[in-house]
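Trainee: Could you walk me through one part of this protein up close? I'd like to see how aromatic rings and their neighbours sit together.

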Amino acid sequence: MDYKLQVVGVQSQVEMGSVAENCSVDEFEEENLFIPESGVQKMQSNHAEFGPVSSSYPAGSKRWTKTVFRSVKLVVFSSKLNLLMLFGPLAILVHIFSGHSGWVFTLSLLSITPLAERLGYATEQLAFYTGPTVGGLLNATFGNATELIIAIYALKSHMIRVVQLSLLGSILSNMLLVLGCAFFCGGLVHHKKEQVFNKATAVVNSGLLLMAVMGLLFPAVLHYTHTEVHYGKSELALSRFSSCVMLVVYACYLFFQLRGQTDTYSPPSEEGTENEEGADNGDADDEIPELSKWESIVWLGIMTSGISVLSEYLVDAIEGCSLAWDIPISFIGVILLPIVGNAAEHASAIMFAMKNKLDISLGVAIGSSTQISMFAIPFCVVVGWVMGQPMDLNFQLFETATLFITVLVVAFFLQEGTSNYFKGLMLILCYVIVAASFYVHEDSNSDDTTSEP
């Protein structure tokens with residue numbers, strides 16, 4: 001009896017144990033139904049550590065290849081203007097086989113144009129990740145990269161006069177042509193009202209431009225009045241000292257802009273502009289970056305390298321092109337080179353003006369002029385000092401007077417803080433007058449364009 005009871009008890013325990021196991025399995029399966037996807041993925045990834053992992057590589061490689069093709073399509077094949085890039089290799093071939101300076105210069109000039117524009121595009125994409133203030137400075141900096149690269153190559157080739165003329169022409173082009181086109185196109189799109197911008201920022205930039213004019217004016221006056229203490233040395237010493245001061249001022253300006261004026265490129269908030277701000281916010285919401293941050297950085301390096309290579313052929317062919325096409329070197333330096341170098345500023349300033357974002361347009365156009373006058377020119381003087389080249393701030397009387405009048409005209413247009421298409425048209429026509437003046441101007445240093453080291 002007791003034995004039978006024990007057997008029955010054991011059987012019941014076994015049955016209860018099996019039921020408990022079944023219940024635990026069922027509970028485990030029910031818990032799996034409620035495991036989040038991340039947990040499942042984590043379990044799968046942990047399991048994959050012990051299994052074959054080679055199957056994951058083709059997917060990553062395919063994704064990387066797809067990203068590269070998409071990036072190349074956006075940057076290279078998105079604009080018909082990029083067809084001009086083909087002239088770059090053609091310019092190199094012409095230089096090697098024929099050596100015709102006129103064609104080498106023309107082809108190099110045409111091929112640099114889309115590279116400069118794409119450089120501006122990559123800068124704008126990078127600006128999405130840096131904020132509006134840093135983005136405006138990046139647009140100005142990389143927008144001037146073409147002019148600075150050309151200037152360095154010209155300085156290396158002892159062509160000091162070409163450096164002076166190209167940098168001066170870049171300032172004039174930014175202040176008159178680029179800003180004029182931005183005002184004109186923005187005024188046509190928003191013709192029912194006047195566009196407004198931050199007057200305080202415009203006043204600060206105008207003050208810096210006037211300071212740059214002062215730095216260029218004193219060496220020229222010292223030279224033409226023959227009042228140097230040490231003839232041929234005081235002028236150069238004053239230029240180098242003034243350049244160092246201007247670089248310090250520009251560094252302080254950057255600190256002031258980045259730390260003290262975080263909303264420099266934000267649209268001004270005034271009463272009665274709620275609808276405009278709403279429209280701007282709507283545009284801003286629609287704008288998303290097309291390239292990632294690292295894609296933008298890589299393309300900046302590629303475009304800068306391409307411009308550097310072609311700039312060397314461009315600079316070497318300037319004198320031969322002047323003789324072959326019968327074009328004054330002053331016109332080439334002041335008009336032709338800056339128009340190509342400012343392709344990025346042209347596209348950016350016009351685009352932002354048409355979107356009613358004039359503060360960014362001014363940051364690109366006037367900011368570029370400020371950067372060239374307060375940084376690029378003094379930097380070239382210091383680099384020439386290191387190279388042993390007598391690069392100075394004496395840009396000759398005609399060129400300095402042209403710059404002084406241009407700064408006064410632009411400062412007068414900016415004092416109201418408003419713009420329209422008529423102001424833009426006047427600035428464009430002022431640039432036409434400047435271009436005609438340099439076409440008939442005979443440079444007094446034309447024979448000394450290439451100085452001996």
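Mentor: Let's start with the ring pairs and then follow their neighbours.

A quick word on the model: it is predicted, with local features needing pLDDT of at least 70, side-chain atom pairs counting only at pLDDT 80 or more, and totals for chains, interfaces and linings using all residues. Residues are numbered from 1 along each chain as its sequence is written, and side-chain values use heavy atoms, leaving out hydrogens and water.

Rings of Phe, Tyr and Trp (its six-membered ring) pair if their centres lie within 6.5 Å; planes under 30 degrees apart are stacked, over 60 edge-to-face, and the rest tilted. That rule gives eight aromatic pairs here. Take Phe183 and Phe197: their ring centres are 6.2 Å apart and the planes meet at 20°, so this pair is stacked. Phe183 belongs to helix 8 (residues 160-189), while Phe197 is in the loop between strand 1 (195-196) and helix 9 (199-224), 14 residues apart. Helices here are DSSP runs of H or I with at least four residues, and strands are runs of E with at least two, numbered from the N terminus. Both Phe183 and Phe197 are buried, and buried means under 20% relative accessible area, with exposed over 50% and partly exposed in between (1.4 Å probe, protein chains only).

Now look at who touches these rings. Leu414 is in contact with both Phe183 and Phe197, and also with Leu179 and Leu362, among others beyond four places in sequence; contact means heavy atoms within 4.5 Å. Leu414 is also one of the residues with the most contacts inside the largest nonpolar core, alongside Phe105 and Leu179, and that core has 94 residues. Such a core is a set of buried Ala, Val, Leu, Ile, Met, Phe, Trp, Tyr and Cys residues joined through side-chain atoms within 4.5 Å. Helix 8 gives the most to this core, with 16 residues.

Phe183 has a charged neighbour too: Lys423 touches Phe183, along with Phe413, Glu416 and Thr418, leaving aside residues within four places in sequence. Lys423 lies in helix 18, and its relative accessibility is 10%, so Lys423 counts as buried. Its side chain reaches the backbone oxygen of Thr418 at 3.0 Å. Lys423 is also 8.9 Å from Gly187, C-alpha to C-alpha, though the two are 236 residues apart in sequence.

Technical notes
A polar contact is a pair of N or O atoms within 3.5 Å; within protein, one must be able to donate a hydrogen and the other to accept it, and residues adjacent in sequence count only if both atoms are side-chain atoms.
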